[in-house]
Amino acid sequence: MVDYHFSPNALPRNSVFAKHGMVATAQPLAAQAGLDILKQGGNAIDAAIATAACLTVVEPTSNGLGSDAFALIWTKGKLHGLNASGTAPQAMSIDAVQARGYQKMPAHGLIPVMVPGAPAAWAACSRKFGKLPLTAVLQPAIDYAEQGFPVSPVVALNWKRAFNAYKEKFHDAMFDPWFRTFAPNGRPPEPGTLWKAPDHARSLRAIAESASDAFYKGELADRIDAFSRKHDGFIRKSDLENYQVQWIEPISTTYRGYEVWELPPNGQGLVALLGLNILKQFELESEAGIDTYHKQIEALKLAFSDGKAYITDPSEMTNETQQLLSEAYAKERAGLIGQLAITPEPGRLPKGGTVYLATADEDGNMVSFIQSNFMGFGSGIVIPGTGIAMQNRGYTFSLNPQDANALKPGKKTYHTIIPGFLSRNGQPVGPFGVMGGYMQPQGHLQVISRLIDERLHPQAALDAPRWQWMENKTVMVEPSFPNAAAQALARRGHDIRVALDTGSFGRGQIIWRDPKTGVLAGGTESRADGVVAAW
């Protein structure tokens with residue numbers, strides 16, 4: 001039994017309870033938009049789409065119409081997985097990138113732009129599971145884009161950071177539309193500034209009325225193609241026309257009586273499962289202590305080293321996922337963990353910027369949904385007259401042909417964004433997620449351990465101080481991380497660095513559902529403008 005009155009954190013907050021519906025995300029207006037859709041008769045899937053679309057408007061610092069997306073959807077007694085990550089354009093190859101003078105993939109500009117999947121994800125989810133028309137579900141986002149909204153504090157802070165960085169390094173004409181779109185007066189908006197995005201609104205309306213075809217086959221695709229050709233990019237309308245989302249089977253591991261679900265590669269959810277598989281080989285303390293932190297960090301390091309070595313487009317993986325998730329492999333990797341920090345190496349196998357949201361309704365439908373442009377605003381590319389900010393996922397490709405994640409035309413790359421879901425004895429517990437680049441599987445492992453090993457309620461698990469493995473033996477900890485624990489970890493060989501703020505430690509949401517009463521319990525992120533909208 002979880003004690004909803006207990007929290008070990010310095011400033012404890014309560015979980016939020018409701019019966020009819022719940023939406024949790026990092027931006028209050030988007031959460032409320034999703035809840036409004038529930039009240040209009042929509043289900044949790046409709047609410048997730050509405051919230052996701054709204055987030056492209058009210059939190060452009062993390063996602064946009066040019067984002068990718070993934071989802072785990074519990075409905076009708078089954079968990080469904082959606083992979084809406086993009087593919088490399090057919091003209092994008094190692095030789096083509098190197099011919100432009102690059103020895104590794106650049107982070108910004110048109111070179112790393114891949115086919116976005118988010119608009120197709122909204123349409124696919126609506127078509128397969130939604131109750132309301134897509135036009136109705138996207139209307140709240142259209143209204144905010146047309147009529148304006150007050151910018152929230154964390155979004156304004158990230159907007160200013162991006163603007164300051166971009167003005168120093170973005171001087172090519174291809175970046176001019178970004179400045180015209182997101183800093184039209186020569187500066188980013190301050191907190192509380194009323195912000196409108198009329199181009200974005202028109203694109204949203206076209207996506208809604210065409211069930212995303214305008215983006216992939218119509219006017220918006222034409223505009224993307226034309227801008228890419230003008231500035232010597234790779235993406236073409238034909239790449240957009242050929243894009244399809246994929247409905248896939250989720251993968252899981254059992255962790256101390258619970259089933260933890262992630263999506264299979266090309267996402268990095270496998271890293272979280274590998275870490276939990278290793279961690280469950282040990283008995284942990286009931287409250288987080290030095291030995292628990294040490295084993296969590298070491299398990300995660302080993303899991304990440306494997307993930308980076310093997311995760312890529314699933315069509316280029318054989319049975320690596322099954323081998324990595326085997327109990328025998330987990331025991332072998334756990335055997336490497338001792339009292340001192342190690343430098344991780346991948347194991348040898350047998351031959352063979354982001355926004356997150358969770359929704360739930362009174363009928364038992366639940367959604368774990370994540371979408372991202374990557375690295376904040378993404379590529380820095382905005383398609384003129386559309387408000388479409390393009391992702392830069394191609395940055396994670398390797399230009400070494402021998403690497404598992406080597407660039408190829410039409411290939412999906414190693415992807416950082418991962419939704420999570422928890423069940424027990426085959427019955428749903430609920431969605432969870434922690435966004436933030438390579439912090440995401442680290443956040444998943446820490447939050448799941450807090451929920452299950454320490455039996456904390458959702459809000460307490462999210463509020464707990466976090467650590468982040470960087471590389472080798474370097475571990476960054478939040479300012480609120482216990483100093484005595486940090487010193488003890490340093491004595492075990494960890495290179496501990498204390499961060500000045502919480503910005504890089506992820507932002508999470510959790511919704512639990514009581515299987516007997518149907519009561520929902522939600523937690524949201526204290527490191528952002530997060531809110532749980534409940535009914």
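**Exercise 1.** Is Ala299 buried or exposed? Decide this from its relative accessibility, and then place the residue in its surroundings within this predicted model.

*Solution.* The step that comes before any other is to recall the cut-off, since a residue is called buried when its relative accessible area is under 20%. Ala299 has a relative accessibility of 0%, and therefore counts as buried. The next step is to find its element, which is helix α14, covering residues 290-310. Leaving out residues up to four places away in sequence, Ala299 touches Gly275, Ile278, Leu279 and Ile337. As a last step, take the distance to Arg100: the two residues are 199 residues apart in sequence, and their C-alpha atoms lie 40 Å apart in space.

**Exercise 2.** Determine which element holds Arg333, whether this charged residue is buried or exposed, and which side chain it meets in a polar contact.

*Solution.* Begin with the element: Arg333 belongs to helix α16, made of residues 327-334. Then turn to accessibility, where a value of 3% means that Arg333 counts as buried. Finally, look for the partner of its side chain, which is the side chain of Ser305, joined to that of Arg333 by a polar contact of 3.2 Å.

**Exercise 3.** Describe the setting of Asn43, going from its loop to its accessibility and then to the atoms that its side chain reaches.

*Solution.* Asn43 sits in the loop between α1 (28-39) and α2. Its relative accessibility is 5%, so Asn43 counts as buried. The side chain of Asn43 comes to 3.1 Å from the backbone nitrogen of Ile45, and a polar atom of that side chain lies 2.9 Å from the backbone oxygen of Phe129. Beyond four places in sequence, the residues touched by Asn43 are Leu38, Phe129, Gly130, Lys131, Asp361 and Asn365.

**Exercise 4.** Lys76 and Phe374 each have a positive phi without being glycine; work out for each one where it lies and whether it is buried or exposed.

*Solution.* Take Lys76, whose phi is near 55°, and locate it in the loop between β3 (68-75) and β4 (78-84). Because its relative accessibility is 78%, Lys76 counts as exposed. Now take Phe374, with a phi of about 75°, which is placed in the loop between β11 (366-372) and β12 (382-383). Its relative accessible area is 6%, and so Phe374 is buried.

**Exercise 5.** Which residues have the most contacts inside the largest nonpolar core, and which helix gives the most to this core?

*Solution.* The largest nonpolar core has 102 residues, and those with the most contacts inside it are Trp122 and Phe215. Helix α2 (residues 44-58) gives the most to this core, with 11 residues. For Phe215, neighbours within four places in sequence are set aside, and the contacts that remain include Leu65, Pro116, Ile207, Leu240 and Ile388. Apart from this core lies another of 54 residues, among them Tyr310, Phe432, Leu462 and Trp467.

**Exercise 6.** Describe the second largest pocket by its volume, its lining and the classes of its lining residues.

*Solution.* Start with the volume, which is about 640 Å³. The lining consists of 21 residues, and the closest to the centre of the pocket are Tyr258, Trp512, Arg513, Asp514 and Pro515. Among the elements that give two or more residues to the lining are β14 (420-424), α17 (440-452) and β19 (507-513), while β15 gives the most, with 3 residues. Sorted by class, the lining has 15 nonpolar, 1 polar and 5 charged residues.

Terms used
Residues are numbered from 1 along each chain as its sequence is written. This is a predicted model: local features need pLDDT of at least 70, side-chain atom pairs count only at pLDDT 80 or more; totals for chains, interfaces and linings use all residues. Side-chain values use heavy atoms; hydrogens and water are left out. Helices (H or I, at least four residues) and strands (E, at least two) are DSSP runs, numbered from the N terminus. Buried means under 20% relative accessible area, exposed over 50%, partly exposed in between (1.4 Å probe, protein chains only). A polar contact is a pair of N or O atoms within 3.5 Å; within protein, one must be able to donate a hydrogen and the other to accept it, and residues adjacent in sequence count only if both atoms are side-chain atoms. On a 1 Å grid over the protein atoms alone, a cavity is a set of points where a 1.4 Å probe fits but cannot get out, and a pocket is an open set with protein on both sides within 12 Å along at least five of seven lines; lining residues have an atom within 4 Å of a point. Grid points are joined across faces, edges and corners, and a volume is the space filled by probe spheres set on the points. Ala, Val, Leu, Ile, Met, Phe, Trp, Tyr, Cys and Pro count as nonpolar, Asp, Glu, Lys and Arg as charged, and the others, Gly among them, as polar. A nonpolar core is a set of buried Ala, Val, Leu, Ile, Met, Phe, Trp, Tyr and Cys residues joined through side-chain atoms within 4.5 Å. Contact means heavy atoms within 4.5 Å.
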